[in-house]
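Colleague: Please take one part of this model and go through it closely with me, step by step, and then show me how that part sits in the rest of the chain. I am in my first year, so please explain the words you lean on as you go.

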Amino acid sequence: MKRISLSLVFCASLFIIGCKNDKKENDTENAAETEMNSEMDNSMEKEEETKEITVSLEPKSGSDLGGEVTFTQEDGKVTMEATITGLAEGQHAIHIHQKADCSAEDGTSAGGHWNPTNEKHGKWGDAEGYHKGDIGNFEVDANGEGTVSMTTDDWCIGCDDENKNIVGKAIIVHDGVDDYTSQPSGAAGTRVGCGVIKM
Ligand SMILES: [Cu+2]
Ligand SMILES: [Zn+2]
């Protein structure tokens with residue numbers, strides 16, 4: 001009885017793939033496969049399609065900045081990979097700012113830091129709070145090149161949660177360093193690069 005109903009459930013759950021191959025399994029194998037298969041089904045449901053956005057950075061405030069930022073969303077997490085060129089050696093700040101507008105020559109059109117959750121400015125991950133756009137500082141080498149790499153489930157690409165959705169915002173690179181303390185933006189100085197995050 002048990003065996004029959006198990007087989008029925010198994011066949012039903014495998015209907016899409018077809019159930020030609022399950023005739024001769026014993027109960028143990030059957031149960032194991034059913035379990036494995038429902039795990040697969042679950043992960044298929046959870047796993048959204050991978051989304052990717054590439055943002056080109058344009059120079060601002062008379063800088064020589066160039067670069068590209070790629071955001072990839074997979075398994076509920078967004079990974080950001082940036083390569084930025086044309087900066088002075090040392091540390092520089094990079095943030096997500098609230099408006100998808102890089103039109104101003106000094107980048108101020110992008111507005112302040114993206115802060116949908118009304119936290120204070122801070123270091124990413126700080127228990128006392130931080131803006132959803134507070135990516136932080138990155139290191140630029142003697143050739144003027146720097147990279148940024150981070151992965152977070154605080155962001156999404158084009159989802160319905162406006163506390164997470166990075167689309168419709170802008171990436172800003174600063175000449176100065178984010179001190180993670182000064183409000184509202186870490187005293188990071190001149191905006192030397194800007195790129196709109198759009199689908
Ligand atoms: Cu900024
Ligand atoms: Zn901030």
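Modeller: Let me begin with the words for surface and interior: a residue counts as exposed when its relative accessible area is over 50%, as buried when that value is under 20%, and as partly exposed in between. Please also keep in mind from the start that this is a predicted model.

The part I would like to look at is the loop between β7 and β8, where Ala187 lies. Ala187 has a relative accessible area of 52%, so it is exposed, since the cut-off for that word is over 50%. The backbone of Ala187 also deserves attention, for its phi is positive, at about 50°, although the residue is not a glycine. Most residues other than glycine have a negative phi, and most peptide bonds are trans.

With that background, the other notable points in this loop are easier to read. Tyr180, whose place is again in the loop between β7 and β8, has a positive phi of about 60° and is not a glycine either. Its surroundings can be described with the words from the beginning: Tyr180 has a relative accessible area of 24% and is therefore partly exposed. The peptide bond that joins Gln183 and Pro184 is cis, with an omega of about 5°, and Pro184 is likewise found in the loop between β7 and β8, the latter strand covering residues 191-197.

Now let us step back from the loop to the strand β7, which spans residues 169-174 and contains His174. What are the protein donors of the copper ion (ligand 1)? They are His95 through ND1, His97 through NE2 and His174 through NE2, and they lie 1.9 to 2.0 Å from the ion. Written along the sequence, the spacing of these donor residues is H-x1-H-x76-H. Two of them tie distant parts of the chain to each other, for His97 sits in strand β4 (residues 90-97) while His174 sits in strand β7, 77 residues apart. Both His97 and His174 are buried.

Strand β7 also takes in residue 169, and Lys169 forms a salt bridge with Glu162, the closest N and O atoms being 3.6 Å apart. Side chains of opposite charge can pair when their charged atoms come close. The two partners are covered to unlike degrees: Lys169 has a relative accessible area of 6% and so counts as buried, whereas Glu162, at 45% relative accessibility, counts as partly exposed. A search of the whole structure finds three salt bridges, and it is worth placing another of them beside the pair just described. The side chains of Lys60 and Glu58 meet at 3.4 Å, N to O, with Lys60 buried at a relative accessible area of 6% and Glu58 partly exposed at 35%. In the bridge between Lys120 and Glu128, where the closest N and O atoms are 3.4 Å apart, Lys120 is partly exposed at 42%, and Glu128, at 58% relative accessibility, counts as exposed.

Leaving β7 in the other direction, we come to the loop between β6 and β7, in which Val167 lies. Val167 has a relative accessible area of 18%, so it is buried, and although Val167 and Val196 are 29 residues apart in sequence, their C-alpha atoms are 8.5 Å apart in space. A similar kind of link can be described for Gly122, which belongs to the loop between β4 and β5 and which counts as buried because its relative accessibility is 3%. Gly122 and Asp179 are separated by 57 residues in sequence and by 8.3 Å in space, C-alpha to C-alpha.

To finish, here is the frame that holds these details. The chain has two helices and eight strands, and, read along the sequence, they follow the pattern α-α-β-β-β-β-β-β-β-β. Of the 199 residues in the chain, 40% are buried.

Notes: Residues are numbered from 1 along each chain as its sequence is written. Chains are lettered from A and ligands numbered from 1 in the order in which they are written. This is a predicted model: local features need pLDDT of at least 70, side-chain atom pairs count only at pLDDT 80 or more; totals for chains, interfaces and linings use all residues. Side-chain values use heavy atoms; hydrogens and water are left out. Donors are N, O and S atoms within 2.8 Å of the metal (3.2 Å for Na, K and Ca); water is not among the atoms, so sites may look incomplete. Helices (H or I, at least four residues) and strands (E, at least two) are DSSP runs, numbered from the N terminus. Buried means under 20% relative accessible area, exposed over 50%, partly exposed in between (1.4 Å probe, protein chains only). A salt bridge is a side-chain nitrogen of Lys or Arg within 4 Å of a carboxyl oxygen of Asp or Glu.
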